[in-house]
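Subject: Structure for you to look through

Dear colleague,

I am handing over the structure we talked about, and I would be glad if you could read through my notes with it open beside you.

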Amino acid sequence: MNKQREKTKEILEKVESLGIKAIFLTVDAAGRGKRESDERLKADDEIVINPVTGEQAKGGKRGNGLTRTMGSYIDQGMTWCDIQWIRNITSLPIILKGITGAEDAKIAMQHNVDGILLSNHGGRNLDYSPPSILLLLEMHKNCPEIFNQMEVYIDGGFRRGADIVKALCLGAKAVGIGRTFLYALHYGTEGVEHLVQILKEEMEGVMKLIGIKNLSEVHPSLVNTSDIDHLVPDGADHPYVKWSPQPRL
Ligand SMILES: Cc1cc2nc3c(=O)[nH]c(=O)nc-3n(C[C@H](O)[C@H](O)[C@H](O)COP(=O)(O)O)c2cc1C
């Protein structure tokens, strides 16, 4: 969401006319992450680093700060009410990208969004943010009802066909892949096609070995999560620290 709302409005209207099928709204990037290697990077001054605003790389004490500059257009004041603002402009399905907890998933459901994408920016924005696959388990533990009412997607760290099949077994509708495609794109269309082929072959290999012929046959008991079950939170509260802030007045 651009803080210059008119620009977001323009994009929303444009993509609808181009035949785009859904809007993914990033909801977990009100602030930029601390990315030290990014800060050290000295990019060419001429580089346009923000395709949305046309902004160019800036030098300075903290390097070119690609993340800093790229994030500068983002509306930090966005709230749940803004979902309605988007709905007034487009009838496309809305998926909230960056849901990292069951409480937010429940509120997303109350706002009748079409889906959520469990994501932590591939672990690149906030240290200690929960891995997406744990979030998927947290949803089953604390708000299983969401799976019947909206589509649940996931991304972050999916590298192999087996990773994708695991997420599907645990109820994800689809898996997003970021950096792997970014790197493949370095080799153009051929690279991307090659990557898709590798993932397809890996998935088919896994499917044969676990004994299913179709992805509609995936089910949770094909995955043993017992090694990580103890990491899945029971609810929004801390399990035993019950400290709460005192009123100041
Ligand atoms: C270079 C780069 C730029 C990204 N920019 C954005 C962005 O502008 N908005 C956003 O929501 N996520 C952004 N992401 C995060 C991806 O959408 C996705 O969540 C993440 O890459 C998935 O993890 P993976 O790379 O491990 O597959 C970016 C990721 C990369 C690698």
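Below is what was found in it, beginning with the sheet and moving on to the ligand and a few single residues.

Please keep in mind throughout that this is a predicted model.

The sheet

The framework I would look at first is an open sheet of five strands, which follow one another in the order E1-E2-E3-E4-E5 with parallel pairing. Its edge strands are E1 and E5 (174-176), each of which pairs on one side only. On average, and with direction ignored, neighbouring strands of this sheet are turned by 30 degrees against each other. As general background, the strands of a sheet pair through backbone hydrogen bonds, in either a parallel or an antiparallel sense.

Strand E2 (residues 94-99) is a good place to start, and all six of its six residues are buried, so this strand is largely enclosed by the rest of the structure. On one side, E2 is joined by four bridges to the parallel strand E1 (residues 23-26), and within this pairing Leu25 has Leu96 of E2 as its bridge partner. E2 is also joined by four bridges to strand E3 (residues 115-118), again running parallel, and here Leu96 has Ile116 of E3 as its bridge partner. If you follow the chain from E2 through helix H5 (residues 102-110) to E3, you will trace a right-handed β-α-β unit.

Further along the sheet, E3 pairs with strand E4 (residues 151-155) in the parallel sense, over four bridges, and the bridge partner of Leu117 in E4 is Tyr153.

The edge strand E1 has two faces worth comparing on screen: Ile23 and Leu25 make up the covered face, while Phe24 and Thr26 make up the uncovered one. This fits the general rule that in a regular strand the side chains alternate between the two faces of the sheet.

The ligand

Which residues come closest to the ligand? It is surrounded by 14 residues, and the closest are Thr26, Asp155, Gly157, Gly178 and Arg179. Turning to polar atoms, a polar side-chain atom of Lys97 lies 2.9 Å from an oxygen atom of the ligand, and a side-chain N or O atom of His121 is 3.5 Å from a nitrogen atom of the ligand. With Gly178 the contact comes from the backbone, where an N or O atom lies 2.8 Å from an oxygen atom of the ligand. Taken alone, the ligand exposes 610 Å², and the protein buries 71% of that.

The loop between E3 and H6

Several residues that I would ask you to check sit in the stretch that leads from E3 to helix H6. His121, whose side chain was mentioned above for its contact with the ligand, is found in this loop between E3 and H6, and its phi is near 60 degrees, a positive value in a residue other than glycine. Tyr128 lies in the loop between E3 and H6 too, and its phi, near 75 degrees, is likewise a positive value in a residue other than glycine. These values deserve a second look because most residues other than glycine have a negative phi.

Is Tyr128 buried or exposed? Tyr128 has a relative accessible area of 83%, so it is exposed. Asn120 lies in the loop between E3 and H6 as well, but with a relative accessible area of 9% Asn120 is buried. The C-alpha atoms of Asn120 and Asp155 are 7.9 Å apart in space, although the two residues are 35 apart in sequence.

Two buried helix residues

Asp155, one of the residues closest to the ligand, also takes part in a contact with Ser132, whose side chain reaches the backbone oxygen of Asp155 at 2.5 Å. Ser132 lies in helix H6 (residues 132-142) and, at 4% relative accessibility, counts as buried, since the cut-off for that term is under 20%.

Finally, Ala167 lies in helix H8 (residues 161-169), where its relative accessibility of 0% means that it counts as buried. The C-alpha atom of Ala167 is 10.0 Å from that of His219, which is 52 residues away along the chain.

With best wishes

Notes: Residues numbered from 1 in each chain as written. Predicted model: local features only at pLDDT ≥ 70, side-chain atom pairs only at ≥ 80, totals over all residues. Heavy atoms only, no water. Buried < 20%, exposed > 50% of the residue type's maximum accessible area, 1.4 Å probe, protein only. Pairing = 2+ DSSP bridges. Right-handed = clockwise from strand over helix to strand, strands pointing away. Axes fitted to C-alpha atoms, helices over the stretch in contact; angles between N-to-C directions. Near = heavy atom within 4 Å. Polar contact = N/O pair within 3.5 Å; in protein donor to acceptor, adjacent residues only side chain to side chain. Areas by Shrake-Rupley, 256 points an atom, 1.4 Å probe, with all protein chains shown as cover.
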